Amino acid sequence: MDHARVVIIGGGIAGCATLYELTQMGWTDVILLERDELTSGTTWHSAAQVTNFGMNQTMIGLKSHSIALYRDLAADPDYPVGYHYGDGGIRLANTEAQMDGYRHFASLAAGMGVEYEVIDAAECARRHPLISTENLLGGLWDPHDGDIDPAQLCQALAFRARRAGATVRRFCPVTGLTEKPDGWIVHTEKGDITCEIVVNAGGYRCNEVAAMMGVTHPVMSMEHQYFVTEEIPQIVDAGHRMPLLRCPISDYYSRQEKTGLLVGFYEQDCRTWGMDGIDPKFSNDLCPDDLDRVMDVLEGAFERMPVLQEVGIKRVVNGPITYSMDGAPLVGPIPGKRNAFCIVGLRAGVGEGGGHGWLLAQQIVNGEACYDTWGLDPRRFGRHASVELTALRAIEDYQNEFRFHFPHEHRPSGRPARVTPLTGVLAAEGAEFTVVNGWERMDFVKPTADFEEEHCFRYTAVDDIVATEVAAVQKAVGLTEVNGFTRLTLGGADLEAFLDRVICSRVPRRAGRVGLCYLLNHHGCIKSEATVARLPGGEVWYGAAAAAEIHDPDWLRAQVAPGEDVTITDLTTSHVTLVLAGPKARAVLADVARGDWSANAFPWLSARRAELGQVPVVVMAVSFSGELAYEIHVPVEQSLTAWTCLRAAGAAHGLRLFGARAVESMRLEKGFRHWKADLITEFDPYESGLDRFVRPGGGYIGAEALAARDQKHAFVTLRVDAEHAAPQPGDRIRQNGSIVGTVTSAARGHRVGATLAMGFVDAGKASEGTDLMVDVVGLPKPAQVVAPCQYDPEFARLRA
């Protein structure tokens with residue numbers, strides 16, 4: 001029986017890039033298995049655009065790596081690759097809101113060393129003389145844009161990997177996978193291979209591979225059509241290659257293909273592919289042409305590029321491309337499996353595949369990548385992430401391919417996916433909902449039934465609504481539901497030793513106490529944030545963000561040593577959390593729950609079991625708002641009873657509802673961090689300003705690595721001189737023209753009357769009073785480093 005350290009299943013760009021990058025990191029005992037010929041899946045018919053554009057800094061970083069790698073491959077005299085680098089590309093816009101988005105993306109990219117240009121309509125036409133400026137405001141220029149030969153790219157990666165010692169086996173279908181305590185057996189038509197680690201790089205067949213592991217990935221394929229035109233005289237005469245074009249106005253893209261154009265479409269009448277299974281013989285194959293389906297999009301393309309009406313079509317390509325549930329790839333550990341990774345759902349696989357393979361190789365070898373990879377992590381989806389829901393989302397993403405999401409925008413497909421008995425009650429009271437890990441969570445209360453939010457990068461009427469909700473919490477009492485909160489009970493004879501090993505903070509020891517705790521990875525950087533509560537009777541509750549539903553249990557279970565007696569039980573969907581906040585919160589609680597709720601009897605960071613009316617609950621005195629507040633954990637089947645009880649009791653105390661947008665404003669004023677916004681794997685707890693949560697003496701995961709780290713960055717709170725808008729995550733922070741940091745969170749602080757931002761800056765720029773500049777909708781605005789807690793710094797209100 002053959003053996004390898006890693007077996008990669010799939011020979012498209014994902015598999016070949018991972019194979020190559022592993023060899024670059026010194027792992028050469030690696031085998032890639034391909035059921036047919038290399039690139040015989042989606043890769044071979046890819047439009048193969050290579051842009052540096054990304055929706056966040058991680059995506060920009062991996063695309064920059066792809067571009068650098070592809071340029072190196074193209075220049076290799078031993079195995080050159082056809083790569084048109086630097087043709088440039090334009091993303092068009094016909095609204096000011098889109099232009100604001102492009103200004104933000106330019107700021108975000110600059111923080112990663114990538115320069116975009118925001119240009120007007122006339123400049124768009126000057127750079128791309130085939131387009132009309134009708135109904136056009138401008139666009140975003142990416143000077144690095146280009147295209148590459150996908151087959152040559154993958155062959156070159158495989159060539160280099162083989163030269164380094166890796167093995168590639170073509171025409172070797174995988175027929176099964178058997179999980180072992182120390183790895184896997186990969187069964188193939190040509191014999192079995194034992195390995196320590198297996199990687200699913202199966203492209204549109206990724207769920208065939210996943211089924212062999214007993215899992216499912218939220219990945220769906222869509223049919224995608226493009227055509228290639230006959231020769232265009234204007235291109236022949238231009239004297240330069242035409243820039244790439246992406247048009248959210250008419251849902252198409254184009255790039256030069258020899259002396260014509262390749263034109264691709266994202267039609268509204270789009271189709272999923274392969275939901276009922278994929279023919280085993282479908283290889284190097286295409287779907288039937290269906291240009292009638294794209295006629296509406298084609299008409300818009302004709303208007304933008306009139307030359308298309310004058311030229312013939314040489315060939316049409318209609319092939320499957322893969323989408324995940326949120327459009328971003330799944331690159332990282334497979335949930336619930338040890339020594340198993342995936343790199344799937346790469347809808348723009350060729351363009352960014354080199355970077356994805358690079359990040360995955362780092363995770364396999366080092367446990368983490370150089371960037372926080374949460375936006376790609378397969379564990380970012382909850383248990384609701386079915387293939388059927390993914391299909392709905394994939395259709396919507398396909399229809400909006402070049403239309404980015406605005407701040408606070410949640411599109412309607414597949415909604416509602418996850419609700420509680422209170423969702424309909426809140427809707428009846430006027431709630432507008434945000435979506436958190438699939439859960440419908442109250443965002444704010446609409447002033448009228450027909451109110452619609454204007455989605456843009458600037459302050460809108462919603463900010464006045466949020467200010468009213470914040471004022472109600474500050475002056476009286478507010479009530480909200482925080483559904484989906486990750487909730488685990490921990491037990492077992494070895495629990496105490498386990499907690500001390502996985503948590504770097506002081507774990508509460510006394511019954512009835514609550515503590516905020518942090519978990520580090522093996523590099524000494526932030527892995528997770530958790531509220532740990534010791535309930536009377538000895539039960540230990542572990543609470544984390546809703547987004548951590550799969551991530552945290554997966555991480556915790558992976559840290560349980562063989563033979564260690566630790567139990568982890570999930571209560572996430574068995575309870576809902578009601579939050580009662582404000583100076584009158586104690587009075588409301590005392591009216592409906594027996595017992596002494598005074599500050600002496602139930603101080604801040606306390607927990608107890610109680611009856612709220614007739615409902616058994618767990619109450620914790622914790623606050624994310626900075627006001628006196630209680631988290632009330634209620635069995636889901638009794639949540640409506642508990643809610644009705646609190647609403648009735650609150651009437652006498654001026655109770656109002658408040659939503660997630662108000663919580664965001666208030667937590668920024670307190671300097672409270674948000675996991676996977678302000679707390680990421682790129683920084684350690686000292687850089688993150690969490691020194692007080694690190695217990696002395698070590699003994700926990702990451703302690704030695706943390707002690708050896710040199711803190712080069714610091715977490716700061718900024719007051720930003722901007723009344724029209726808040727910065728967005730990724731916006732650059734500058735001093736004297738140099739980039740010194742990046743924004744992680746920002747909003748209007750309604751209690752302090754200022755726009756606040758959080759972010760990381762170079763360590764020498766973090767002193768209070770330091771003057772900086774922060775980009776707000778693309779323009780630099782003065783900002784100053786201030787104390788982390790801008791509201792009630794003595795924490796008197798939540799202790800009252």
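**Helix 17 and selected local features of a predicted model**

Good morning. Just after helix 17, Gly 671 adopts a positive phi of about 80°. I begin there, and I should say at once that this is a predicted model.

Let us look at the helix that precedes this glycine. Helix 17 covers residues 660-670, and 8 of its 11 residues are buried, so the helix is largely enclosed by the rest of the structure. The buried residues are Arg 661, Ala 662, Ser 665, Met 666, Arg 667, Leu 668, Glu 669 and Lys 670. What covers them? Among the elements over the buried residues of helix 17 are strand 22 (439-445), helix 12 (461-475), strand 36 (738-749) and strand 37 (754-762).

I turn next to a single residue in a strand. Leu 519 belongs to strand 25, residues 513-520. Is Leu 519 buried or exposed? Its relative accessible area is 0%, and because buried means under 20%, Leu 519 counts as buried. Leaving aside neighbours within four places in sequence, Leu 519 is in contact with Val 502, Ile 503, Cys 525, Ile 526, Lys 527, Ser 528, Ala 530, Tyr 542, Trp 555 and Leu 556. There is also a pairing across the chain to point out: Leu 519 and Tyr 700 are 181 residues apart in sequence, while their C-alpha atoms are separated by 8.7 Å.

The next topic is backbone geometry. As a general background, most residues other than glycine have a negative phi, and most peptide bonds are trans. Against that background, I would draw attention to three places.

The first place is Asp 251, whose phi is near 60°, a positive value in a residue other than glycine. Asp 251 sits in the loop between strand 14 (244-247) and strand 15 (252-257), and is buried, with a relative accessible area of 8%.

The second place is His 408, where phi is near 70°, again a positive value in a residue other than glycine. His 408 lies in the loop between helix 10 and helix 11. With a relative accessible area of 43%, His 408 is partly exposed.

The third place is the peptide bond from Arg 415 to Pro 416, which is cis, with omega near -5°. Pro 416 is located in the loop between helix 10 (387-399) and helix 11 (423-428).

Finally, I come to the surface. Which residues form a negative surface patch? They are Glu 134, Asp 269, Asp 296, Glu 299 and Glu 303. Of these, Glu 299 is placed in helix 8, residues 295-304, and counts as partly exposed at 48% relative accessibility.

Thank you for your attention.

Terms used: Residues numbered from 1 in each chain as written. Predicted model: local features only at pLDDT ≥ 70, side-chain atom pairs only at ≥ 80, totals over all residues. Heavy atoms only, no water. Patch = residues over 30% accessible without salt bridge, like charges linked within 9 Å, V, L, I, M, F, W, Y side chains within 5 Å. Areas by Shrake-Rupley, 256 points an atom, 1.4 Å probe, with all protein chains shown as cover. Salt bridge = Lys/Arg side-chain N within 4 Å of Asp/Glu carboxyl O. Lys, Arg positive; Asp, Glu negative; His and termini not counted. Charge placed at Lys NZ, Arg CZ, Asp CG, Glu CD. Helix = DSSP H or I, 4+ residues; strand = E, 2+ residues; numbered from the N terminus. Buried < 20%, exposed > 50% of the residue type's maximum accessible area, 1.4 Å probe, protein only. Contact = heavy atoms within 4.5 Å.
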